[in-house]
Amino acid sequence: MRTLEAIVTALVHGEDADQVRAIIGDRPAGAVADAFEALGEQGLGAAVQGCTYHHVSVGLTLELQLGDGRRCVLKAGRVDDQPDHRAAALRVQAHLAGRGFVAPAVLLAPVPCAGAEVYVVEALD
């Protein structure tokens, strides 16, 4: 498991740097990691211990290990990238998860964070 700051730093300087910058802008990697960690603590009530998986495509996906033992998936996308579509998809996802279908529960609805629109869902095995 790597620290969130180490992962964000690697992504900002890696092969997907242009895509990552399109999501978070020119913010320093440390500031982005701090904002994501604060979101975890404030929105989920637990400190972020590290990152166990990451992926970049049209958005940034980070699987996080929380201090209370939970795992969750933080997803960050461009603020202007179809917010109504994202919100509708998350409502459907929450509806399915609430009725026992295999769908990750929405733990934190989309909020602006570190220049991106960020939401958090539970991690499924």
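These are my notebook entries on a predicted model, taken element by element.

**Entry 1: confidence**

I started with how far the prediction trusts itself. The chain has a mean pLDDT of 92. I noted that 99% of its residues reach 70 or more. Which element has the lowest confidence, and which the highest? Helix α4, residues 83-98, is lowest, at a mean of 88. Strand β2, residues 60-66, is highest, at 96. I kept a general caution beside this: where pLDDT is low, the predicted coordinates should not be read in detail.

**Entry 2: strand β2**

I went next to β2. Is it enclosed or open to the outside? Seven of its seven residues are buried, so the rest of the structure largely encloses β2. I checked each face. On one side sit L60, L62, L64 and L66, and all are buried. On the other side are T61, E63 and Q65, which are buried too. Both faces of β2 are therefore covered, and the strand is largely enclosed.

**Entry 3: the partners of β2**

I looked up what pairs with β2. Strand β1, residues 48-56, pairs with β2 in the antiparallel sense, over seven bridges. One of the bridge partners I noted is E63 in β2, which goes with Y53. The two strands form a hairpin, with three residues between them.

Then I turned to strand β3, residues 71-78. Six bridges join β3 to β2, and this pair also runs antiparallel. Here Q65 has R71 in β3 as its bridge partner. β2 and β3 form a hairpin as well, with four residues between them. G69 lies in that turn and has a positive phi of about 95°.

**Entry 4: cysteines**

How many disulfides does the model hold? The count is zero. I wanted the reason, so I looked up C51 and C72. The sulfur of C51 has its closest cysteine sulfur in C72, 9.8 Å away, which is too far for a bond. A disulfide would need the two sulfur atoms within 2.5 Å. From the side of C72, the closest cysteine sulfur is that of C51, at 9.8 Å. Both residues are buried: C51 has a relative accessible area of 3%, and C72 is at 1%.

**Entry 5: helix α2**

I moved to helix α2, residues 17-24. Its buried residues include A17, V20, I23 and I24. Do they lie on one face or scatter around the helix? Seen down the axis, the buried residues of α2 fall within an arc of 125°, so they line one face. The general rule helps here: an α-helix has 3.6 residues a turn, so residues three or four places apart point the same way.

What does that face pack against? I listed helices α1 (4-13) and α3 (29-44), and strands β1, β2, β3 and β5 (116-122). After α2 comes G25, with a positive phi near 75°.

**Entry 6: the cores**

I looked for the largest nonpolar core. It has 31 residues. L4, F36, L62 and L74 have the most contacts inside it. At least two residues each come from α1, α2, α3, β1, β2, β3, β4 (106-113) and β5. The largest share, six residues, is from α3. Another core lies apart from this one. That core has five residues, among them V73, L90, Y119 and V121.

I then followed two of the well-connected residues. Setting aside residues up to four places away in sequence, L62 touches L4, I7, L11, F36, C51, Y53, H54, C72, V73 and L74.

L74 lies in β3. It is buried, with a relative accessible area of 1%. Beyond its neighbours within four places in sequence, L74 contacts residues including F36, L39, L62 and V120. L74 and V120 are 46 residues apart in sequence, yet 4.5 Å apart in space, C-alpha to C-alpha.

**Entry 7: two more residues**

I looked up H55, which lies in β1. H55 is partly exposed, with a relative accessible area of 38%. What is H55 in contact with, leaving aside its neighbours within four places in sequence? I found L60 and T61. H55 and D16 are 39 residues apart in sequence and 9.5 Å apart in space, C-alpha to C-alpha.

Last came A114, in the loop between β4 and β5. Its phi is near 55°, a positive value in a residue other than glycine. A114 counts as buried, at 14% relative accessibility.

Note on methods: Residues numbered from 1 in each chain as written. Predicted model: local features only at pLDDT ≥ 70, side-chain atom pairs only at ≥ 80, totals over all residues. Heavy atoms only, no water. pLDDT = per-residue confidence, 0-100. Buried < 20%, exposed > 50% of the residue type's maximum accessible area, 1.4 Å probe, protein only. Pairing = 2+ DSSP bridges. Arc of directions from axis to C-beta. Contact = heavy atoms within 4.5 Å. Core = buried A, V, L, I, M, F, W, Y, C linked by side-chain atoms within 4.5 Å.
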